[in-house]
Amino acid sequence: AGRHCLGQRPVVRFAFAGERAFAVTQDGISVIELDAGDVRLSALVQLPSTVRVQPDVSISADGARARTT
C-alpha cells in the first residue's frame, strides 16, 4: 500500500469498470489507475480557470469524457 496526495478536498469518482478513479481538485482532474497491486497516478488534466476554486465537473461512467460547468 502507498500514500497518494491529490490536493485539498478531492471529489472522487470511479470508472464504471473500476479500473481507474478520477479525483477532481482545484488543480484539475487526477487520473488514478487501479491495477491490482499497482495503484498509480497516470495523468493530471488541468482545467481552464482563472480563479483557484473547486470546479464543477461531470465525468462519464466509462471515464472517457469530462465536462465542466
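## Exercises on a six-strand chain

The accessible surface of the chain amounts to about 5,200 Å², and carbon and sulfur atoms hold 52% of that area. Keep in mind as you work that this is a predicted model.

**Exercise 1. Find what share of the chain's residues is buried.**

Step 1: take the cut-off, where buried means under 20% relative accessible area.
Step 2: apply it to the 69 residues of the chain, and 20% of them count as buried.

**Exercise 2. Work out the pattern of secondary structure along the sequence.**

Step 1: count the elements; there are 6 strands and 0 helices.
Step 2: read along the sequence, which gives β-β-β-β-β-β.

**Exercise 3. Determine the strand order of the open sheet and explain which strands have a free side.**

Step 1: recall that strands of a sheet pair through backbone hydrogen bonds, either parallel or antiparallel.
Step 2: here the 4 strands run in the order E1-E2-E3-E4, and their pairing is antiparallel.
Step 3: look at the edges, where E1 (11–14) and E4 (38–45) each have a single partner strand, so one side of each lacks a neighbour in the sheet.
Step 4: add the geometry; ignoring direction, neighbouring strands of this sheet are turned against each other by 25° on average.

**Exercise 4. Describe how E1 pairs with E2.**

Step 1: E2 covers residues 20–25, and its antiparallel pairing with E1 runs over 4 bridges.
Step 2: pick out one residue pair; Phe14 has Ala21 in E2 as its bridge partner.

**Exercise 5. Find what share of the contacts spans at least 24 residues.**

Step 1: keep contacts between residues at least 6 apart in sequence.
Step 2: of these, 27% join residues at least 24 apart.

Definitions and conventions
Residues are numbered from 1 along each chain as its sequence is written. This is a predicted model: local features need pLDDT of at least 70, side-chain atom pairs count only at pLDDT 80 or more; totals for chains, interfaces and linings use all residues. Side-chain values use heavy atoms; hydrogens and water are left out. Two strands pair if DSSP finds at least two bridges between them. Helices (H or I, at least four residues) and strands (E, at least two) are DSSP runs, numbered from the N terminus. Axes are lines fitted to C-alpha atoms, for helices over the stretch in contact, and angles run from 0 to 180 degrees between N-to-C directions. Buried means under 20% relative accessible area, exposed over 50%, partly exposed in between (1.4 Å probe, protein chains only). Contact means heavy atoms within 4.5 Å. Accessible areas come from the Shrake-Rupley method with a 1.4 Å probe; for residues, only the protein chains shown count as cover.
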